[in-house]
Amino acid sequence: MARTKYSEQFCAYCNKETKMVLVGTMEGQVGKIWYKCTRCHYTSLLEDSMSSDQINGKLDPSTATVYKPCQCFKIGEAIFHSEWNDVGKVLSKLKTSDGSQAIVVSFAKLGQRKLIENLQEESILELTVTE
Ligand SMILES: [Zn+2]
């Protein structure tokens, strides 16, 4: 999917909407993009207004990994939650207070949710989805 290199963004230095050129994304930063103002040539890290469409628009439930609590997921992996009938993308990973692993997923319909991953068999009965 091609995205236009130029877009109208708010430049804090020109203090107005200017034509900005996309220069790149930041490692580990989802939804933030470096833009360079074509007027003052200052580079700013801006919110990617298209990020939710970009992230979720590409997701296809038929190619996404079906979410299972006992499975391990990668950052950037597309997952499908069959119970919620929603697709999402893994944004980050974290450890919960009880020592289990969780993933933060941006879902197309439900938005950002935390899900348990790498769950051990014996604790499946006690599964709770943290908010
Ligand atoms: Zn500018």
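In the predicted model, Phe73 sits among many partners. Leaving out residues up to four places away in sequence, Phe73 touches Thr65, Val66, Tyr67, Lys68, Ile79, Val90, Lys93, Ile103 and Glu117. Phe73 is also one of the 10 residues of the largest nonpolar core. The others in this core are Tyr67, Ile79, Val90, Ile103, Val105, Phe107, Leu115, Ile116 and Leu119. Two strands, S8 (101-107) and S9 (111-117), each supply at least two of the core residues. Strand S8 gives the most, with three residues. Such grouping follows a general pattern: in soluble globular proteins, nonpolar side chains tend to be buried together.

A further core, of eight residues, lies apart from the largest one. Its members include Cys11, Tyr35, Cys37 and Leu46.

Two of these residues, Cys11 and Cys37, also take part in metal binding: the zinc ion is coordinated by the SG atoms of Cys11, Cys14, Cys37 and Cys40. The coordination distances run from 2.1 to 2.4 Å. The angles among the four donor atoms are 103 to 114°, and the site is tetrahedral. For comparison, the ideal angle for four tetrahedral donors is 109.5 degrees. Along the sequence, the donor residues follow the spacing C-x2-C-x22-C-x2-C. The pair Cys14 and Cys37 links distant parts of the chain, 23 residues apart. Cys14 belongs to the loop between strand S1 (6-11) and strand S2 (16-25). Cys37 belongs to strand S3 (residues 32-37). Both Cys14 and Cys37 are buried.

Thr65, one of the partners of Phe73, lies in strand S5 (residues 65-66). Its relative accessibility is 22%, so Thr65 counts as partly exposed. Beyond its neighbours within four places in sequence, Thr65 is in contact with Gln71, Phe73, Glu77, Ala78, Ile79 and Phe80. The contact with Glu77 has a polar component: the side chains of Thr65 and Glu77 make a polar contact at 2.8 Å. These two residues are 12 residues apart in sequence. Their C-alpha atoms are 7.7 Å apart in space.

Ser100 is found in the loop between strand S7 (86-95) and strand S8. The side chain of Ser100 makes two listed polar contacts with other side chains. One is with Thr96, at 2.7 Å. Another is with Asp98, at 2.8 Å. With neighbours within four places in sequence set aside, Ser100 is in contact with Leu94, Lys95 and Ile116. Of these, Ile116 is a member of the largest nonpolar core.

The protein as a whole comprises one helix and nine strands. Read along the sequence, the order is β-β-β-β-α-β-β-β-β-β. Of its 131 residues, 35% count as buried. Among contacts with a separation of 6 or more, residues 24 or more positions apart account for 25%. The accessible surface comes to about 8400 Å². Carbon and sulfur atoms hold 51% of that surface.

Methods. Residues are numbered from 1 along each chain as its sequence is written. This is a predicted model: local features need pLDDT of at least 70, side-chain atom pairs count only at pLDDT 80 or more; totals for chains, interfaces and linings use all residues. Side-chain values use heavy atoms; hydrogens and water are left out. Donors are N, O and S atoms within 2.8 Å of the metal (3.2 Å for Na, K and Ca); water is not among the atoms, so sites may look incomplete. Four donors count as tetrahedral if all angles lie between 85 and 135 degrees; four count as square planar and six as octahedral if opposite donors are over 155 degrees apart and all others between 65 and 115; anything else is irregular. Helices (H or I, at least four residues) and strands (E, at least two) are DSSP runs, numbered from the N terminus. Buried means under 20% relative accessible area, exposed over 50%, partly exposed in between (1.4 Å probe, protein chains only). A nonpolar core is a set of buried Ala, Val, Leu, Ile, Met, Phe, Trp, Tyr and Cys residues joined through side-chain atoms within 4.5 Å. Contact means heavy atoms within 4.5 Å. A polar contact is a pair of N or O atoms within 3.5 Å; within protein, one must be able to donate a hydrogen and the other to accept it, and residues adjacent in sequence count only if both atoms are side-chain atoms. Accessible areas come from the Shrake-Rupley method with a 1.4 Å probe; for residues, only the protein chains shown count as cover.
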